[in-house]
Amino acid sequence: MRGTNILVLSPDPADQMYNGRWRDILEQLTTSLQHFGIEVSHAAWTRDLRMVPHRPQLVLPLLAWGYQRAHEQWLDTCKDWQRHQIPVHNPPDVLQWNSDKSYLKTLAEKGAPVVPSLYFDEISTSRLRESLSYFDVDRVVLKPTVSATAYKTSIWEAGQLISDPPEGSCIVQPYLRSIETEGEISLIFISGQYSHGLRKTPVAGDFRVQPEFGGRLTHHEPDQSAISTATKILETIGTSLLYARIDLVLNQNNEWALLEAELIEPDLFLGLDHKNGHMLGEAILNRINGQDIEQEKQMT
Ligand SMILES: Nc1ncnc2c1ncn2[C@@H]1O[C@H](COP(=O)(O)OP(=O)(O)O)[C@@H](O)[C@H]1O
Ligand SMILES: [Mg+2]
């Protein structure tokens with residue numbers, strides 16, 4: 001009998017991300033999933049997936065790093081996957097809308113607790129000044145709507161020049177000082193169930209928590225209020241997701257708020273999961289065998 005085989009999408013060899021640490025994450029995934037008899041191969045997300053050998057039973061875009069630098073191509077590729085019914089999860093429509101952070105606006109309008117945000121098609125000093133008064137703060141964060149790893153993300157205050165501004169559409173948010181002390185917490189959900197959590201804190205003098213800027217990652221068990229907030233956000237999204245990473249920060253009222261719902265290629269940090277990716281393995285098998293779909297049908 002043929003074993004279960006899945007394909008993980010990796011960066012485009014032409015992209016600088018190709019030299020990143022994605023191979024380490026792939027190795028971790030491969031080892032965790034081996035226990036379930038799942039064989040993992042990989043291919044660049046830019047490949048025609050109809051041409052890859054051994055037709056994979058499931059395709060995970062978990063390492064499709066760098067898509068944000070080829071955003072139009074990403075959107076077209078997702079549409080192709082849809083058209084050719086490639087079994088990509090999360091589903092291609094999710095991979096499309098989640099690639100532009102203006103989804104935060106939709107989620108906020110539906111009542112999800114999101115970091116307060118203003119959206120502009122282009123940034124200017126007068127818009128930043130307006131944002132300071134709108135939020136009634138003295139510092140704001142400016143970032144592109146299509147972005148990753150804090151690309152062109154900066155703090156701005158009155159009187160400053162805009163350093164390295166995003167080209168085109170962007171988001172402005174109050175600068176949440178809690179990032180310096182509490183950091184950002186990430187809650188990982190597999191098939192809608194909470195799996196594990198971690199905390200990311202920046203080095204002194206920085207606000208970006210990413211390891212690329214010296215940020216520190218530690219295992220973290222979120223409190224019940226963080227789990228409830230993340231669950232509410234997933235309910236608002238309302239789509240069946242194989243995996244999700246919900247990034248939360250404490251807002252000005254000391255309440256958890258959504259910074260980002262990572263539904264494309266989140267690092268699931270299986271190294272910090274005491275269950276060693278057990279939930280992911282089961283969820284993949286269930287999805288391939290159609291069991292989770294059956295469960296959803298029974299629930300509706
Ligand atoms: N409103 C904010 N207040 C404080 N820090 C922020 C804020 N928005 C973003 N950051 C910092 O910038 C980083 C990158 O922003 P984020 O929205 O997570 O986008 P991405 O991870 O896609 O680059 C965050 O991880 C956090 O460290
Ligand atoms: Mg982020």
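Helices (at least four residues) and strands (at least two) are taken here as DSSP runs, numbered from the N terminus. On that footing, Thr-149 sits in the loop that runs between strand E5 and strand E6 (154-156). The model is a predicted one, and Thr-149 has a backbone quirk in it: its phi is near 50°, a positive value in a residue that isn't glycine. Thr-149 counts as partly exposed because it has 15 C-beta neighbours inside 10 Å, and a residue needs 20 or more to be called buried. Lys-152 belongs to the loop between E5 and E6 too. Its phi is also near 50°, again positive without the residue being glycine. With 14 other C-beta atoms within 10 Å, Lys-152 is partly exposed.

Stepping back to the whole protein chain, the secondary structure comes to 9 helices and 12 strands. The C-alpha atoms fill a box of roughly 70 × 40 × 40 Å along the principal axes. The radius of gyration is 19 Å, which agrees with the value near 19 Å that a compact globule of 300 residues would have. Of the 300 residues, 39% count as buried. Among contacts with a separation of 6 or more, 67% come from residues 24 or more positions apart.

The chain splits into domain 1 (4-99), domain 2 (103-113 + 180-263 + 268-272) and domain 3 (118-175). The centres of domain 2 and domain 3 are 21 Å apart, going by C-alpha atoms. Domain 2 puts 7 residues into the contact and domain 3 puts in 6 residues. On the domain 2 side, the touching residues break down into 2 nonpolar, 2 polar and 3 charged.

Ligand 1 lies between domain 2 and domain 3, since both give residues to the shell around it. That shell holds 20 residues, and the closest are Ala-150, Gln-173, Leu-176, Ile-179 and Val-209. Strand E5 (140-144) and strand E12 (256-262) are the elements that supply two or more residues to the shell. By type, the shell around ligand 1 has 11 nonpolar, 4 polar and 5 charged residues.

Turning to the interior, the largest nonpolar core has 64 residues, and Val-8, Ile-246, Leu-248 and Leu-258 have the most contacts inside it. Strand E11 (residues 243-250) brings the largest share, 6 residues. The core takes at least three residues from domain 1 (4-99) and at least three from domain 2 (103-113 + 180-263 + 268-272). Leu-258 shows what this looks like up close: neighbours within four places in sequence aside, its contacts include Leu-104, Leu-107, Val-114, Ile-233, Ile-246 and Leu-248. A second core, separate from this one, has 9 residues, among them Val-140, Val-141, Leu-142 and Val-172.

A couple of other loops are worth a look. Leu-49 is in the loop between strand E2 (38-44) and strand E3 (58-60). With 19 C-beta neighbours inside 10 Å, Leu-49 counts as partly exposed, because the cut-off for buried is 20 or more. Beyond its neighbours within four places in sequence, Leu-49 is in contact with Val-59, Trp-81 and Ile-86. Leu-49 and Asp-164 are 115 residues apart in sequence, and 36 Å separate them in space, C-alpha to C-alpha. The loop between helix H2 (71-83) and helix H3 (92-97) holds Asn-90. The peptide bond leading from His-89 to Asn-90 is cis, with omega near 5°.

How values were computed:
Residues numbered from 1 in each chain as written. Chains lettered and ligands numbered in written order. Predicted model: local features only at pLDDT ≥ 70, side-chain atom pairs only at ≥ 80, totals over all residues. Core = buried A, V, L, I, M, F, W, Y, C linked by C-beta atoms within 7 Å. Buried ≥ 20, exposed ≤ 12 C-beta atoms within 10 Å, placed from the backbone. Domains from an automatic or database assignment. Contact = placed C-beta atoms within 7 Å. Near = placed C-beta within 6 Å. Nonpolar A, V, L, I, M, F, W, Y, C, P; charged D, E, K, R; others polar. Rg over C-alpha atoms; globule rule 2.2 N^0.38 Å.
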